[in-house]
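Biologist: Before I plan anything at the bench, I would like to go through this model with you. Please keep the answers plain.

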Protein chains: 2
Amino acid sequence: MTMRILGIDPGLRTTGFGVIESEGSKLHYVASGTIKTDAVDIGQLPLRLKIIFDGVREVVARYQPTCASVEIVFVNVNPQSTLLLGQARGAALTALVSLDLLVSEYTALQMKKAIVGHGAAKKEQVQEMVMRLLALPGLPGKDAADALGLAICHAHAAGSFAAIARSAPLAQRSHGQFKKGRSY
Amino acid sequence: MTMRILGIDPGLRTTGFGVIESEGSKLHYVASGTIKTDAVDIGQLPLRLKIIFDGVREVVARYQPTCASVEIVFVNVNPQSTLLLGQARGAALTALVSLDLLVSEYTALQMKKAIVGHGAAKKEQVQEMVMRLLALPGLPGKDAADALGLAICHAHAAGSFAAIARSAPLAQRSHGQFKKGRSY
């Protein structure tokens, strides 16, 4: 079964997005980029959230993903930044669910493990591995690479879930390896 | 000029809303209530945000406000709660701007000063004063009272802004008393 997955790396200034198609173990690049809110004054939070909301909806309308994979953000050193990031993530998630897309969520740690093999991987290593896994002609930008990484991470998780669902008796299916993070 | 103002007190479990009409110095109650997300499991954040988003849009569709007044939330003792509250507020704000409503923002302190006269007012005092100011037959619930308080706060601020705009020379208009909070 072909899945078209939209990965989202939320942020108030820059929200990365990446769309891939997964067919069995094969992965294909579809599109990636960033939604930037720099054009609006930093104090105009509602307008910035609108840019994120409209931008994510536009990406969904254009690339028609079947599901979404969003990074679980963590508490920042600066509590004000945490609050701002939370609101940006809220706008991105809202855009997805307002279009009835099923959303899965992964931590950066889970994504890095899935892409690079260990959670301590640096941004550059994620870019490098995403380029290889999707056979891209060049390095994707950092935010786009994270978003593509989240999409790939979901393709792997959904793939192993499908494998478990095929092989396991019904009673075990709900205890499969397809864990989603629950800490926001 | 009649303004119909929607006040929003955002929260992940309960988002309060209150709609008033202001005509000069007269205030009229239109509606109030809460949007609750309790029916959805606490771990299902995207679905909870969808309930807030859909709920706020439904209130706007039903009561047709001309502008909105939203509480500026602050950093919580628990950083995880801050992150959750941020996302809830993001969903509520997104609902408003997705319908092109102009959003003004006030801190709880500004609202309490406008309603009770001092920033240290307790919830019960806000309920009591909102009941009096809007000539309600009984005490509104706490979340609804805060939301109505935010709407009244904006009515006052917009009223004094209009008065300044009428009396001041053009060059001074941008330095009026109509300050909006800028700390999220």
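Biologist: Which residue in β3(A) stands opposite Thr15(A)?

Modeller: This is a predicted model, in which local features need pLDDT of at least 70, side-chain atom pairs count only at pLDDT 80 or more, and totals for chains, interfaces and linings use all residues. Residues are numbered from 1 along each chain as its sequence is written, chains are lettered from A and ligands numbered from 1 in the order in which they are written, and side-chain values use heavy atoms, with hydrogens and water left out. Strands β2 (residues 14-23) and β3 (residues 26-36) of chain A pair in the antiparallel sense over 10 bridges; strands (E, at least two residues) and helices (H or I, at least four) are DSSP runs numbered from the N terminus, and pairing takes at least two DSSP bridges between two strands. Opposite Thr15(A) in β3(A) stands Ile35(A).

Biologist: Which residue takes a positive phi in the hairpin of β2(A) and β3(A)?

Modeller: The hairpin has 2 residues between its strands. The residue with a positive phi near 60° is Gly24(A).

Biologist: How many residues of strand β4 of chain A are buried?

Modeller: β4(A) is joined to strand β1 (residues 2-9) of chain A by 4 bridges and to strand β5 (residues 102-107) of chain A by 6 bridges, and the strands in this second pair run parallel. Buried means under 20% relative accessible area, exposed over 50%, and partly exposed in between (1.4 Å probe, protein chains only). By that cut-off, the buried residues of β4(A) (67-72) number 6 of 6.

Biologist: Which residue is the bridge partner of Leu6(A) in β4(A)?

Modeller: β1(A) and β4(A) run parallel. The partner of Leu6(A) in β4(A) is Ala68(A).

Biologist: Is Pro10(B) buried or exposed?

Modeller: Pro10(B) lies in the loop between β1 (2-9) and β2 (14-23) of chain B. Leaving out residues up to four places away in sequence, its contacts (heavy atoms within 4.5 Å) include Val70(B) and Leu85(B). With a relative accessible area of 7%, Pro10(B) is buried.

Biologist: What is the relative accessible area of Leu150(B)?

Modeller: Leu150(B) sits in helix α5 (residues 142-167) of chain B. Among the residues it touches, not counting those up to four places away in sequence, are Gly7(B), Ser69(B) and Tyr106(B). Leu150(B) is buried, and its relative accessible area is 0%.
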